[in-house]
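Subject: Structure handover

Hello,

Here is the structure for you to look over. My notes follow it.

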Amino acid sequence: MPAQLLDGVALSKKIRTEIAARGAIVTAKGVRPGLAVIVVGENPASQVYVRNKVKACEDVGFHSVLERYPLELGEEALLARIAMLNADPTIHGILVQLPLPEHIAAERVLEAISPEKDVDGFHVANAGALMVGQPEFKPCTPYGCMKILESIDYPIRGARAVIVGASNIVGKPMAMLLLQAGATVTICNSKTRDLAHHTKDADILVVATGKPKMISGDMVKNGAVVIDVGINRLPDGKLCGDVDFDTAKYIAGWITPVPGGVGPMTITMLLMNTLEAAEKAAKH
Ligand SMILES: Nc1nc(=O)c2c([nH]1)NC[C@@H]1CN(c3ccc(C(=O)N[C@@H](CCC(=O)O)C(=O)O)cc3)C=[N+]21
């Protein structure tokens, strides 16, 4: 029997309805949630994603500003712009789209965002807070993956979770969230020996490597939850994940599709973090 599909679009729709309702309440108190999205350069994928983020804001009634800068923008100019947004009371969340051009030090930029407005959860202060179990903002993609697990009431406590990919923005925070939920967590990376040995042991398998279809069905445990964070564009223009969906779907118990799985949930949790930033601002 093929796996049950974990529909990120349907789940997003449900959560975004709640976000819109809470957004209306805080707006009525005089604080309309506001997100600023900055993108530097012309990376076509980035342009699509940032437009999706702005559109998502409009759909839930949030204020948003999209700032597009040429590739040549200097680091100092970007830092100055962030300082302005940090001080802007109409903006509760600031997102600087990654990757940034090579002449800009991404770490410096991420650390310049006020941690209270760091709705990506990428600031070291937020990464550290997550590690000690007091997250201000959970990074949107891992947060969305946790919501997916919650949606099927999956018993995370005691489960074996394996994450393939150890990035600061997905793999590592995902490990922290699963660990806090009581899973036994293994993080694999590009040097891991006998990767399949690990992945086949996983009740929960999260894949975030950026390598198209690298996890095939024979690397998946029977009945596992497979969460595919990858979004790769193939030469024919189609999108695919880091999991080979067509073979994994016959082995997994649940699986996220690409597109329509984790991607929409990432944007939904960005809206959630922006909402919560505004709710906190309204209390001050
Ligand atoms: N500071 C920062 N924060 C990010 O959150 C961030 C970033 N930089 N840089 C790039 C990645 C990528 N990312 C995606 C979010 C949603 C979809 C998404 O909604 N994807 C749709 C398909 C979209 C399409 O058709 O291309 C889906 O999976 O169904 C994709 C990619 C956020 N990122």
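Lys280 and Glu136 form a salt bridge, with 3.0 Å between the closest N and O atoms. Lys280 sits in helix H10 (residues 262–283) and Glu136 in the loop between H5 and H6, so the pair ties together parts that are 144 residues apart in sequence. Lys280 is partly exposed, because its relative accessibility is 33%, between the limits of 20% for buried and 50% for exposed. Glu136 also falls in the partly exposed class, at 34%. Bear in mind that this is a predicted model.

Other salt bridges

The structure holds 11 salt bridges. One of them joins Glu150 to Lys147, where the closest N and O atoms are 3.5 Å apart. Both residues belong to helix H6. They are three residues apart there, so about one helical turn separates them. The general rule behind this: an α-helix has 3.6 residues a turn, so residues three or four places apart point the same way.

Asp246 and Lys249 also meet through their side chains, at 4.0 Å from N to O. That distance still counts, because the cut-off is within 4 Å. Asp246 is partly exposed at 49% relative accessibility. Lys249 is partly exposed too, at 22%. Elsewhere, Arg22, Glu276 and Glu279 are joined into one network by salt bridges that share partners.

The sheet

What is the strand order in the open sheet? It runs E1-E11-E8-E7-E5-E6, six strands with parallel pairing. The edges are strand E1 (4–5) and E6, each of which pairs on one side only.

E7 pairs with both E5 and E8. With E5, the pairing is parallel and has four bridges. Ala161 has Ile204 of E7 as its bridge partner. Val162 stands opposite Leu205 in E7. On the E8 side (residues 225–228), the pairing is again parallel, over four bridges. There, Leu205 stands opposite Val226.

Which way do the side chains of E7 (residues 204–207) point? Ile204 and Val206 point one way, Leu205 and Val207 the other, and all are buried. This fits the general pattern: in a regular strand the side chains alternate between the two faces of the sheet.

Helix H7

Which residues of H7 are buried? They are Gly171, Pro173, Met174, Ala175, Leu177 and Leu178. These buried residues pack against helix H5 (124–131), helix H6 (140–151), E5, strand E6 (184–188) and E7. Just after H7, Gly182 has a positive phi of about 100°.

The annotated binding site

An unreviewed UniProt entry places a "binding site" feature at Gly165, Ala166, Ser167 and Ile231. Two of these positions are worth a look in the model.

Ala166 is in the loop between strand E5 (160–164) and helix H7 (171–180). Ala166 is partly exposed, at 35% relative accessibility. Beyond residues up to four places away in sequence, Ala166 touches Gly171, Lys172, Ile187, Cys188 and Asn189. Gly171 is among the buried residues of H7. Ile187 and Cys188 fall within the range of E6 (184–188).

Ser167 lies in that loop between E5 and H7 as well. Its relative accessible area is 28%, so Ser167 is partly exposed. With neighbours within four places in sequence left aside, Ser167 is in contact with Lys172 and Pro173. Pro173 is another of the buried residues of H7.

A nonpolar patch

Ile231, listed in the "binding site" feature, also belongs to a nonpolar surface patch with Val48 and Tyr49. Together the three have about 230 Å² of accessible area. Val48 is in helix H2 (residues 44–59). Val48 is partly exposed, with a relative accessible area of 39%.

The annotated domain

The unreviewed UniProt entry also gives a domain, "Tetrahydrofolate dehydrogenase/cyclohydrolase catalytic", over residues 6–120. In the model, that span is 49% helix and 16% strand. Its end C-alpha atoms lie 23 Å apart.

Best regards

Definitions and conventions
Residues numbered from 1 in each chain as written. Predicted model: local features only at pLDDT ≥ 70, side-chain atom pairs only at ≥ 80, totals over all residues. Heavy atoms only, no water. UniProt positions renumbered as here; feature names shortened; annotations may be inferred. Helix = DSSP H or I, 4+ residues; strand = E, 2+ residues; numbered from the N terminus. Buried < 20%, exposed > 50% of the residue type's maximum accessible area, 1.4 Å probe, protein only. Contact = heavy atoms within 4.5 Å. Patch = residues over 30% accessible without salt bridge, like charges linked within 9 Å, V, L, I, M, F, W, Y side chains within 5 Å. Areas by Shrake-Rupley, 256 points an atom, 1.4 Å probe, with all protein chains shown as cover. Pairing = 2+ DSSP bridges.
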